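Reader: I would like to understand how the descriptive terms for this model are justified. Could you take me through them with the structure in view?

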Amino acid sequence: MTRIISGRAGGTVLDVPPKGTRPTSDRVRESLFGSLESAGLLDDARVADLYAGSGALGLESLSRGAASADLVEFSAPAATLIRRNADRVRTAGVAAPARVHRASVTTFLTASGLEWDLVFLDPPYDLSDDELTRALVALAPRLSADATVIVERAKRSAAPDWAAAGLEPERDRAYGDTTMWWGRPRGA
């Protein structure tokens, strides 16, 4: 069972697509969001949740004080499910907008005029390194000057090619079979 861990919508149960996604575990999300909160990165943040799956990362951000979340998912059934999850979070008292975009990540980023302060990329484990790099390159112009980008992939995966996108690595942390890499715009 996936749920919102804390904040205004804490305890809200989220639906998860029956196949094709790998939701971030509650334990990993709890650790991740503890780090984000202690660094002050959630308050009034404009968030993008790319490869959103169930929308858990973006919706958890809203529950904990983010100003808005753009949740991008290519799968039509998953995008419908994310809308349902966003409605549950809204019903739990979160007024900040959760905008669901059914599109490929690179297409969405290329067409978007939005800017974000915090971005999660949790692609399918079989996404190629080249595809991830293309997404990071498309994302870079959409980042605020002090943005944080978090990439979640299998522990066995190579680190993101931050340099190709004009970004720099900040840190990484492994949680079982998962690694989270943190990056920022150069000079942030």
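Reader: What makes you say that helix H3 lies across S4 and S5, and at what angle does H3 run to S5?

Author: This is a predicted model, in which local features need pLDDT of at least 70, side-chain atom pairs count only at pLDDT 80 or more, and totals for chains, interfaces and linings use all residues. Residues are numbered from 1 along each chain as its sequence is written, and side-chain values use heavy atoms, with hydrogens and water left out. Helix H3 (residues 76-91) lies across strand S4 (68-73) and S5, at about 175 degrees to S5; axes are lines fitted to C-alpha atoms, for helices over the stretch in contact (heavy atoms within 4.5 Å), and angles run from 0 to 180 degrees between N-to-C directions.

Reader: Why are S7 and S9 called paired?

Author: Two strands pair if DSSP finds at least two bridges between them, and six bridges join strand S7 (residues 143-154) to strand S9 (residues 178-185), so the two are paired, and they run antiparallel. Among the partners, valine 151 is bridged to tryptophan 181 in S9.

Reader: What makes S5 and S8 edge strands?

Author: In the open, mixed sheet, the order is S5-S4-S3-S6-S7-S9-S8, and strand S5 (98-102) and strand S8 (167-175) each pair on one side only.

Reader: How do you know that helix H2 is mostly covered?

Author: Buried means under 20% relative accessible area, exposed over 50% and partly exposed in between, with a 1.4 Å probe and protein chains only; eight of the eight residues of H2 (residues 56-63) are buried, including Leu59 and Glu60.

Definitions and conventions: Helices (H or I, at least four residues) and strands (E, at least two) are DSSP runs, numbered from the N terminus.
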